[in-house]
Amino acid sequence: MPPRKRATVTAPSTMKELKDTLWKAADKLRGSMDASQYKDVILGLVFLKYVSDAFDERREQLEQELIADGLDDEGIASLIDDRDEYLGSSVFWVPEEARWTYLAQNAKGIQESGDVEARTVGELVNGAMRGLMAENATLTGTLPIIFNNPSVDQRRLGELIDMFNDTRFTGEGARRARDLLGEVYEYFLEKFARAEGKRGGEFYTPAGVVRVLVEMLEPYNGRVYDPCCGSGGMFVQAEKFIEHHGGNPADISVYGQELNERTWRMAKMNLAIHGITAQLGPKWEDTFAHDVHPDLLADFVMANPPFNIKDWTRREDDKRWKYGVPPSGNANYAWIQHILSKLAERGSAGVVMANGTMSSNSGGEGEIRARLVEADQVSCMVALPTQLFRSTGIPVCVWFFAKDKAPGPKGSIDRRGQVLFIDARNLGSMVDRAERALSDDDIAKIAGTFHAWRGTESANGVEYADEPGFCYSATLAEIKEADYALTPGRYVGAAPLEDDGEPIEEKIARLTKELYEQFDESARLQAVVREQLGRVTKC
């Protein structure tokens with residue numbers, strides 16, 4: 001038997017090369033379809049390229065292992081297609097016609113010849129997606145089958161495949177390859193969210209906001225749930241948090257639900273790329289109409305529900321409405337109560353909400369909020385700065401809930417009957433004219449304040465103290481006195497002004513003098529303007 005041809009492994013692309021190449025690829029389709037369509041095409045191809053590269057790399061590694069074991073070409077041929085050798089290394093099994101080399105060789109499609117039927121490149125990519133789902137149960141119902149649609153320009157699709165052919169997601173091991181693609185995927189989600197404007201907020205939550213939730217909740221282990229999971233960003237950040245702190249991501253079990261079909265598919269791909277096994281239900285579903293995890297009690301819930309939904313599935317006798325029936329015209333308090341119904345005995349939750357939820361009294365929301373406070377379910381309220389979400393100008397806050405604020409595994413300080421208020425509106429910096437971002441230091445300040453207040457291990461012995469203008473620990477009696485409004489600004493007060501060393505009498509005299517000088521200058525300019533207008537009217 002002739003010697004086997006050895007696979008050629010090229011050097012991995014750098015992150016900048018990957019991002020530049022892939023965004024150029026997106027631009028090739030931008031003119032022929034809208035953002036949501038080309039998002040599905042590009043992310044589908046990214047995923048297909050990754051699984052194929054990972055498969056090829058594992059195949060090369062396995063071949064080298066078999067050679068090292070002394071097997072000849074015939075022995076290698078008999079074992080190199082052992083699926084368990086791939087699945088056991090967290091690599092998807094890729095059938096031959098789904099491998100990138102096959103698609104690259106036929107980027108212009110297959111011409112009719114003899115018994116061979118003509119097939120467009122879109123048909124080939126669709127076939128690759130179907131083959132992947134048929135061979136890998138975790139991908140069932142996940143991948144897009146849209147590449148032969150009339151809206152997809154087949155010539156441009158072939159050019160995209162040619163462009164992707166020079167991009168490689170491997171070369172430093174499966175874990176590194178997964179990290180590379182994961183970062184690329186998240187980068188694209190952000191770019192597409194910006195391109196789609198308001199609708200982009202349905203599937204993407206800014207990473208800084210997600211990190212606030214993760215760093216405060218610290219989901220090291222247990223069941224993590226998101227009832228409106230979008231593209232799965234909460235779960236991805238939870239995994240990164242665990243790895244950063246030396247933990248094992250396998251210690252968490254992930255549960256989620258998503259209403260939008262395309263977003264649900266994105267989440268399935270995103271989590272598969274990151275190696276996260278998640279229970280997202282057999283299909284996309286409305287959380288209020290059909291809870292796909294009816295018996296779940298989660299240790300952590302992290303969510304960014306859509307704000308102020310007016311048209312939602314509402315039943316007055318729903319057992320989730322423990323603190324009052326939410327109004328038909330706004331689902332905010334429906335989301336809050338659904339999330340509370342999912343918390344285990346010592347569970348905790350972080351929920352991004354519109355600022356109006358902290359003080360609204362319409363439709364009985366004030367009464368529901370009062371019952372939540374009196375039941376001691378609210379742990380912390382964080383007011384976030386504006387313009388964190390490019391998709392909406394609505395100011396946002398984060399509600400944190402805890403079923404148990406007594407001393408225990410989640411904190412050594414007894415905080416029963418208290419709520420921590422954090423006013424973070426002055427944090428963050430503008431990354432461009434339309435969007436603000438939280439820095440690592442900003443997130444550490446918010447999370448560190450909470451952990452010091454709660455007395456967690458991560459506080460490292462730092463003692464909590466109220467900071468005027470930023471944080472305040474209020475009693476339930478104080479909150480009741482404020483008519484149960486939960487706006488941090490009501491409680492934290494104003495930050496102290498810095499003393500510039502100038503005596504107050506001198507400062508008043510100086511400012512008064514400057515003010516009179518401005519008055520005089522204003523009068524002078526007014527006279528000049530009147531004179532000029534007089535000249536114009538005489539002409």
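This report describes the sheet, the helices packed around it and several single residues in a predicted model.

**Overall composition**

The chain contains 17 helices and 11 strands. Of its 539 residues, 50% count as buried. When contacts between residues at least 6 apart in sequence are considered, 73% of them join residues at least 24 apart.

**The sheet**

An open sheet is formed by 9 strands, in the order β3-β2-β1-β4-β5-β7-β6-β8-β11, and its pairing is mixed. Its edges are β3 (278–279) and β11 (471–475), each of which pairs on one side only. Strands of a sheet pair through backbone hydrogen bonds, in either the parallel or the antiparallel sense.

Two of the pairings can be described in detail. Strand β1 is joined to strand β2 (residues 252–256) by 5 bridges, and the two run parallel. In this pair, glycine 222 stands opposite isoleucine 252 of β2. Strand β4 (residues 298–303) pairs with strand β5 (residues 343–354), also over 5 bridges and in the parallel sense. Here alanine 303 is placed opposite valine 351 of β5. Strand β1 is largely enclosed by the rest of the structure, because 4 of its 5 residues are buried.

**Helices on the sheet**

Helix α12 lies across β1 (222–226), β4, β5 and β7 (396–402), and runs at about 160 degrees to β5. Helix α14 also packs on the sheet, where it touches β6 (378–383), β8 (418–423) and β11. The direction of α14 makes about 160 degrees with that of β8.

Histidine 338 belongs to helix α12, which spans residues 332–341. With a relative accessibility of 0%, histidine 338 counts as buried. Apart from neighbours within four places in sequence, histidine 338 is in contact with Tyr225, Pro227, Thr287, Phe288, Asp291, Arg320 and Trp321.

Threonine 449 is located in helix α14. Threonine 449 has a relative accessibility of 12% and therefore counts as buried. Leaving aside neighbours within four places in sequence, the contacts of threonine 449 are Leu420, Ile422, Tyr464, Phe470 and Cys471. Threonine 449 and cysteine 471 are separated by 22 residues in sequence and by 8.0 Å in space, C-alpha to C-alpha.

**Packing of helix α9**

Helix α9 (residues 207–217) packs against helix α14 (residues 440–454), with axes that come within 9 Å and cross at roughly 30 degrees. At that angle, under the limit of 35 degrees, α9 and α14 are roughly parallel to each other. The crossing of α9 with α14 is right-handed. On the α9 side, the contact is made by Gly208, Arg211, Val212, Glu215 and Met216, and on the α14 side by Asp440, Ile443, Ile446, Ala447, Phe450 and His451. These residues divide into 6 nonpolar, 2 polar and 3 charged.

The axes of α9 and helix α10 (residues 233–244) also come within 9 Å, and they cross at roughly 55 degrees. This angle makes α9 oblique to α10. The crossing of α9 and α10 is right-handed. Ala207, Val210, Arg211, Leu213, Val214 and Glu215 of α9 meet Gly233, Met234, Gln237, Ala238 and Phe241 of α10. The residues of this contact divide into 7 nonpolar, 2 polar and 2 charged. Arg211 and Glu215 of α9 are listed in the contact with α14 and also in the contact with α10.

**Loop residues with positive phi**

Most residues other than glycine have a negative phi. Asparagine 308 has a positive value, as does tyrosine 484. Their values are set out below.

| Residue | Phi | Loop | Relative accessible area |
|---|---|---|---|
| Asparagine 308 | near 55 degrees | between β4 and α12 | 26% |
| Tyrosine 484 | near 65 degrees | between α15 (476–481) and α16 (489–492) | 12% |

Asparagine 308 is partly exposed, whereas tyrosine 484 is buried. The cut-off for buried is under 20% relative accessible area. The loop that holds asparagine 308 follows β4 and leads to α12, the helix that lies across β1, β4, β5 and β7.

How values were computed: Residues are numbered from 1 along each chain as its sequence is written. This is a predicted model: local features need pLDDT of at least 70, side-chain atom pairs count only at pLDDT 80 or more; totals for chains, interfaces and linings use all residues. Side-chain values use heavy atoms; hydrogens and water are left out. Buried means under 20% relative accessible area, exposed over 50%, partly exposed in between (1.4 Å probe, protein chains only). Contact means heavy atoms within 4.5 Å. Axes are lines fitted to C-alpha atoms, for helices over the stretch in contact, and angles run from 0 to 180 degrees between N-to-C directions. Angles under 35 degrees count as roughly parallel, over 145 as roughly antiparallel, 65 to 115 as roughly perpendicular and the rest as oblique. A crossing is left-handed if the near helix is turned anticlockwise from the far one by less than a right angle, and right-handed if clockwise. Ala, Val, Leu, Ile, Met, Phe, Trp, Tyr, Cys and Pro count as nonpolar, Asp, Glu, Lys and Arg as charged, and the others, Gly among them, as polar. Two strands pair if DSSP finds at least two bridges between them.
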